[in-house]
Amino acid sequence: MNQEVIRIKGIKKIYKVGNQEVRALNGVDIQINKNEYVAIMGPSGSGKSTMMNILGCLDSPSEGEYILNGTDVSKMDDNELAVIRNKEIGFIFQSFNLLPRYTALDNVALPLIYSGESREKREDRARVALENVDLKDRMHHKPNELSGGQRQRVAVARALVNNPSIILADEPTGNLDTKTSIDIMKLFEEIHEQGNTVILVTHEEDIAKHAKRIIRLRDGIIESDHTNEHQII
Ligand SMILES: Nc1ncnc2c1ncn2[C@@H]1O[C@H](COP(=O)(O)OP(=O)(O)OP(=O)(O)O)[C@@H](O)[C@H]1O
Ligand SMILES: [Mg+2]
């Protein structure tokens with residue numbers, strides 16, 4: 001049986017700027033099962049990041065329902081969302097979002113701060129996560145001492161260190177060259193093969209082809225949602 005991890009229904013996000021209203025999402029319904037690999041595409045401004053931020057519990061919708069692993073998170077406050085986020089979500093950003101003064105190891109260990117585990121145990125887990133992205137020999141480097149691809153791999157390790165149920169990535173290869181993008185996409189494929197649910201936003205058809213399902217947004221609504229018959233593995 002397919003286990004549902006995400007169900008959103010009638011999701012709207014309306015931003016108010018001065019006396020202007022921006023309907024970033026205008027009624028979106030999506031259901032995603034465990035271990036799906038989904039790409040979200042659409043023109044600039046179509047609502048992709050807005051949707052990822054809601055799916056990742058970084059923001060809440062103006063209207064609609066979001067059931068995450070059976071729990072209604074749509075009406076939770078920021079503190080409650082932070083707890084859910086820490087437990088369920090691994091987020092990867094286009095601009096890596098690493099803390100500049102911290103080493104790779106410390107950046108990856110950071111999400112474990114609420115785990116209740118000892119510092120030693122947290123560092124052990126961070127070390128394993130960095131080894132898994134092939135960065136064993138760069139643990140003590142700070143972000144500015146790493147290449148773009150290595151920074152993104154640190155960000156992937158950080159996203160995975162908590163064993164989240166969902167990996168969300170918003171344009172993860174947007175700042176990388178083609179070869180490095182291919183390496184990062186291989187990493188996502190491995191993460192998917194390990195049984196994780198992966199959702200990624202991309203502008204590039206070549207990147208989206210790695211996913212098994214492609215959802216296209218336009219003007220805050222779903223334009224299409226279909227299986228990708230030409231998946232690259
Ligand atoms: N914090 C905000 N306040 C007001 N308007 C916003 C805010 N964030 C996004 N918007 C508006 O909402 C719409 C959707 O933005 P969003 O960032 O979700 O688009 P996107 O599909 O991710 O675009 P891109 O491909 O350029 O990243 C845009 O029109 C944008 O201007
Ligand atoms: Mg965006």
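This report describes a predicted protein model, beginning with its overall form and then turning to strand S3 and to the surroundings of ligand 1.

## Overall form

The secondary structure of the protein comprises seven helices and 10 strands. Measured out along the principal axes, the C-alpha atoms occupy a box of roughly 45 × 45 × 40 Å, and 47% of the 233 residues of the protein count as buried.

The radius of gyration of the protein is 17 Å, which agrees with the value near 17 Å that a compact globule of 233 residues would have.

## Strand S3 and its neighbours

Strand S3, which spans residues 37-41, is mostly covered, since five of its five residues are buried. In a regular strand, the side chains alternate between the two faces of the sheet. In S3 both faces are covered, with Tyr37, Ala39 and Met41 buried on one side and Val38 and Ile40 buried on the other.

S3 is paired with strand S8 (residues 197-201), to which four bridges join it in a parallel arrangement, and within this pairing Tyr37 stands opposite Val198 of S8. S3 also pairs with strand S9 (residues 213-218), again over four bridges and in the parallel sense, and here Ala39 is the residue that stands opposite Ile214 of S9.

## The shell around ligand 1

There are 13 residues around ligand 1, and those that come nearest are Ser44, Gly45, Lys48, Ser49 and Thr50. Sorted by class, the shell holds five nonpolar, seven polar and one charged residues.

Three elements, namely strand S1 (4-17), strand S2 (20-33) and helix H1 (48-55), each supply at least two residues of this shell. The largest share, three residues, comes from H1.

## Polar contacts and cover of ligand 1

Oxygen atoms of ligand 1 lie close to both backbone and side-chain atoms of the protein, as the distances for Ser46, Ser49 and Thr50 show. For Ser46, a backbone N or O atom is 3.2 Å from an oxygen atom of the ligand. For Ser49, by contrast, the partner belongs to the side chain, where an N or O atom is 2.9 Å from an oxygen atom of ligand 1. In Thr50, a polar side-chain atom lies 2.6 Å from an oxygen atom of the ligand. With these contacts in place, the protein covers 60% of the 640 Å² of accessible area that ligand 1 has on its own.

Terms used: Residues numbered from 1 in each chain as written. Chains lettered and ligands numbered in written order. Predicted model: local features only at pLDDT ≥ 70, side-chain atom pairs only at ≥ 80, totals over all residues. Heavy atoms only, no water. Near = heavy atom within 4 Å. Polar contact = N/O pair within 3.5 Å; in protein donor to acceptor, adjacent residues only side chain to side chain. Areas by Shrake-Rupley, 256 points an atom, 1.4 Å probe, with all protein chains shown as cover. Nonpolar A, V, L, I, M, F, W, Y, C, P; charged D, E, K, R; others polar. Buried < 20%, exposed > 50% of the residue type's maximum accessible area, 1.4 Å probe, protein only. Pairing = 2+ DSSP bridges. Rg over C-alpha atoms; globule rule 2.2 N^0.38 Å.
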